[in-house]
There are 2 protein chains.
Amino acid sequence: MATPKATVSRLPKKTKPSYHHGDLRRALLDATVQLIEEQGLEAVSVREVARRTGVSPGAPFRHFQNRTALLTAVAEVAQERLVQAVGESLGDAEKANPLQKFRAIGIGFLRWAFTNPTHFQVISGRASIEFDRPTLRDSNDGLRATMNQLLSAAATEGLLRPGDVSRYVLGGRALVYGLARMHIDGQFPSWGVDSADSLNESIAVLDQFIASISA
Amino acid sequence: MATPKATVSRLPKKTKPSYHHGDLRRALLDATVQLIEEQGLEAVSVREVARRTGVSPGAPFRHFQNRTALLTAVAEVAQERLVQAVGESLGDAEKANPLQKFRAIGIGFLRWAFTNPTHFQVISGRASIEFDRPTLRDSNDGLRATMNQLLSAAATEGLLRPGDVSRYVLGGRALVYGLARMHIDGQFPSWGVDSADSLNESIAVLDQFIASISA
DNA sequence: ACCTGAACACCGTTCAAGT
DNA sequence: ACCTGAACACCGTTCAAGT
């Protein structure tokens, strides 16, 4: 017996493009993201995803209960990455004051949403998604708690304009969420902002918001 | 000849539920709105709309080029009503100062969006809509122009905190848009706000925003 | 002038049968 | 254990034929 390992296993475990074994799930997820990128969320059909992955129309249903579950799985991946991006942005502001950290969260959110419009779209399009998944809920709760703590700390340190802290939090969140949605919905041009500048402009808007809630 | 008029025309022009003559268009629009209300935007199928209106599957295509055109028509009606609602809210603040008028626009937007979630959803879901229609574009441009004028006037009168006026405008718009989207996307519960209170809470957030951009 | 009803090429989902 | 391929009940859209 020749040792097949030597010839075959250049890569850790899986070598060939044969999903006909184990990684169909990931392949389907990838194909879905790509399809959304090319044709938009509405254009996602399980059949087309199957076709692009080279499997039969029924195959995806072995991995996802239905179309919604497929999209929800994409949303979970997206949310993970969003949380990570926001976390990194927050990490970069480690020595900053609480208000600047709060800002860093917003910046991280905006940057990620503008850089990954497809993923953001899937997250924010509750319609095609089962949002009541623990993964999605929990990470959201964590973020909100952090924002609340930061602004409370800012208030204690006298950095924050007087006012209801949780309303500043909600306002900040609605602001960046609104900006990100306006972007993926293509509304910036009708608001006098060139699409190419929309991220920078959004950051400027956020900064002016932060400035206006500063003490 | 007996005069048929006397027996038939109790109502102005059209008496019977026969779309089989003139008002199919409106009937289809109504059925679409109702369907969205019951099942959500995604559930809208031309066939189901036709079924509910009592016509054959092909009939709607005599009035709307395709599914998107049908949804776009709903969006146009919705946008009209939104503009009207905002206009009325602005009218109620006739003798107020520019900043309060700016606030009135936001309040009008929020009230309308929260009271008519279906229509707001159709407007904001660019995906299923042809937004590049003059009707939609123009009314949007008008609103933006008004907001800009109001804040510029507020600045002149010394009512506004120093800063870039058009960024306050964009921020205000993103804020109310974000709040409204969070509402229709059912995000308020995960942000610690009871659904029933979401309009009042949103107004409070807007008010705190207005306060923070005041001189 | 407007609507019907059959037709075509899709789609989501299921399930027996294959490997 | 996982995938295929046929099947079913849908859908958007078109178009000849009816009134």
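**Close-up 1. The protein surface around DNA strand D.** DNA strand D is surrounded by 19 residues, where near means a heavy atom within 4 Å of the strand. The closest are S56(A), V46(B), R47(B), R51(B) and R67(B). Of the atoms of DNA strand D that come within 4 Å of the protein, sugar and phosphate account for 49%. This is a predicted model, in which local features need pLDDT of at least 70 and side-chain atom pairs count only at pLDDT 80 or more, while totals for chains, interfaces and linings use all residues. Residues are numbered from 1 along each chain as its sequence is written, chains are lettered from A and ligands numbered from 1 in the order in which they are written, and side-chain values use heavy atoms, with hydrogens and water left out.

**Close-up 2. Polar contacts to DNA strand D.** A polar contact is a pair of N or O atoms within 3.5 Å; within protein, one atom must be able to donate a hydrogen and the other to accept it, and residues adjacent in sequence count only if both atoms are side-chain atoms. R47(B) places a polar side-chain atom 2.6 Å from a base nitrogen of DNA strand D. R51(B) reaches a phosphate oxygen of the strand with a polar side-chain atom, at 2.6 Å. From chain A, a polar side-chain atom of H63(A) lies 3.1 Å from a phosphate oxygen of DNA strand D. Helix α3 (residues 46-53) of chain B gives the largest share of the surface near the strand, three residues. Helices (H or I, at least four residues) and strands (E, at least two) are DSSP runs, numbered from the N terminus. By class, this surface has eight nonpolar, six polar and five charged residues. Ala, Val, Leu, Ile, Met, Phe, Trp, Tyr, Cys and Pro count as nonpolar; Asp, Glu, Lys and Arg count as charged; the others, Gly among them, count as polar.

**Close-up 3. The protein surface around DNA strand C.** 19 residues surround DNA strand C. S45(A), R47(A), R51(A), R67(A) and S56(B) are the closest. Sugar and phosphate make up 49% of the strand C atoms within 4 Å of the protein. A backbone N or O atom of V46(A) sits 2.8 Å from a phosphate oxygen of DNA strand C. The side chain of R51(A) brings an N or O atom to 2.6 Å from a phosphate oxygen. Chain B takes part through S56(B), with a polar backbone atom 2.7 Å from a phosphate oxygen. Helix α3 (residues 46-53) of chain A gives the most to this surface, with three residues. The classes here are eight nonpolar, six polar and five charged residues.

**Close-up 4. A salt bridge inside helix α3 of chain A.** E48(A) and R52(A) both lie in this helix, four residues apart, about one turn. Their side chains meet in a salt bridge, 2.9 Å from N to O. The term means a side-chain nitrogen of Lys or Arg within 4 Å of a carboxyl oxygen of Asp or Glu. Side chains of opposite charge can pair when their charged atoms come close. Over all chains, the structure holds twelve salt bridges.

**Close-up 5. The interface between chain B and chain A.** Here 43 residues of chain B are in contact (heavy atoms within 4.5 Å) with 43 residues of chain A. About 3800 Å² is buried between the chains, and carbon and sulfur atoms give 58% of that area. Buried area is the accessible area (1.4 Å probe) that two parts lose on being put together, summed over both. L170(B), W191(B) and Q208(B) supply 20% of the area that chain B buries against chain A, more than any other three residues.

**Close-up 6. Polar and charged links across the interface.** Two salt bridges join chain B and chain A. In one of them, E201(B) pairs with R167(A), with the closest N and O atoms 3.1 Å apart. There are 14 residue pairs in polar contact between the chains, both residues at pLDDT 80 or more. On the side of chain B that touches chain A, α7 (134-156), α8 (165-184) and α9 (198-212) each supply at least two residues. The largest share, 13 residues, comes from α8(B).
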